[in-house]
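Work through the exercises below with the model open. Each task is followed by its solution in steps.

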Amino acid sequence: MENKLDLHGIKHEDVNRVVENFVLLNETPLSIITGNSTMMRELVVEVLEKHKFVYENLISQSVITVLGDKK
């Protein structure tokens with residue numbers, strides 16, 4: 001079963017901490033539901049890049065899929 005994190009209702013200022021905890025404490029694959037917010041997607045990508053995760057960021061969807069770590 002795939003782990004999912006829904007960021008609806010999470011403040012932008014809390015995204016870094018919430019996403020970092022989620023990706024570091026769970027095994028891939030992971031789904032992060034960002035909604036249509038460009039800012040939310042950018043904040044999530046920053047965390048994934050920081051920790052060198054491989055991810056799929058399809059603009060047409062409101063979900064970022066984390067495929068694995070250490071790209």
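Two strands count as paired if DSSP finds at least two bridges between them. The model is predicted.

**Exercise 1. Find how strands E3 and E4 are joined, and list bridge partners in E4.**

Step 1. Locate the strands. E3 covers residues 54-57 and E4 covers residues 63-68.

Step 2. Apply the cut-off. At least two bridges are needed, and four bridges join E3 to E4.

Step 3. Give the sense. E3 and E4 run antiparallel.

Step 4. Describe the connection. A hairpin of five residues leads from E3 to E4.

Step 5. Read off the partners. Valine 54 is bridged to glycine 68 of E4. Tyrosine 55 has valine 66 as its bridge partner in E4. Glutamate 56 stands opposite threonine 65 in E4.

**Exercise 2. Work out the strand order of the sheet and name its edge strands.**

Step 1. Recall the principle. Strands of a sheet pair through backbone hydrogen bonds, in a parallel or an antiparallel sense.

Step 2. Add the pairing of E2 with E4. These two strands are antiparallel and share four bridges. One of the pairs sets isoleucine 33 against valine 63 of E4.

Step 3. Write the order. The sheet has four strands, arranged E1-E2-E4-E3. The sheet is open, and its pairing is mixed.

Step 4. Mark the edges. E1 (3-6) and E3 are the edge strands, as each pairs on one side only.

Step 5. Add the twist. From one strand to the next it averages 20°.

**Exercise 3. Place helices H1 and H2 on the sheet.**

Step 1. Take H1. This helix lies across E1, E2 (30-33) and E4. Its angle to E2 is about 165°.

Step 2. Take H2. This helix packs on the sheet and touches E2, E3 and E4. The direction of H2 makes about 10° with that of E4.

**Exercise 4. Classify the packing of H1 against H2.**

Step 1. Choose the descriptors. Two packed helices are described by the angle and the distance between their axes.

Step 2. Read the values. The axes of H1 (residues 12-25) and H2 (residues 38-50) come within 9 Å and cross at roughly 40°.

Step 3. Classify the angle. Because of that crossing angle, H1 is oblique to H2.

Step 4. Give the hand. The crossing of H1 past H2 is right-handed.

Step 5. List the contact. H1 contributes His12, Val15, Asn16, Val19, Glu20 and Val23. H2 contributes Met39, Met40, Leu43, Val44, Val47, Leu48 and Lys50.

Step 6. Sort the residues. Nine are nonpolar, two are polar and two are charged.

**Exercise 5. Which side chains meet in a salt bridge at 3.9 Å, N to O?**

Step 1. Start from the principle. Side chains of opposite charge can pair when their charged atoms come close.

Step 2. Name the pair. Aspartate 14 and arginine 17 form the bridge, at 3.9 Å from N to O. The cut-off is 4 Å.

Step 3. Explain the spacing. The two are three residues apart in helix H1, so about one helical turn separates aspartate 14 from arginine 17.

Step 4. Give the total. The structure holds two salt bridges.

**Exercise 6. Examine the backbone at proline 29 and lysine 52.**

Step 1. State the expectation. Most peptide bonds are trans, and most residues other than glycine have a negative phi.

Step 2. Check proline 29. The bond joining threonine 28 to proline 29 is cis, with omega about 5°. Proline 29 sits in the loop between H1 and E2.

Step 3. Check lysine 52. Its phi is positive, near 60°. Lysine 52 belongs to the loop between H2 and E3.

Notes:
Residues numbered from 1 in each chain as written. Predicted model: local features only at pLDDT ≥ 70, side-chain atom pairs only at ≥ 80, totals over all residues. Heavy atoms only, no water. Axes fitted to C-alpha atoms, helices over the stretch in contact; angles between N-to-C directions. Parallel < 35°, antiparallel > 145°, perpendicular 65-115°, else oblique. Left-handed = near helix turned anticlockwise from the far one by under 90°. Contact = heavy atoms within 4.5 Å. Nonpolar A, V, L, I, M, F, W, Y, C, P; charged D, E, K, R; others polar.
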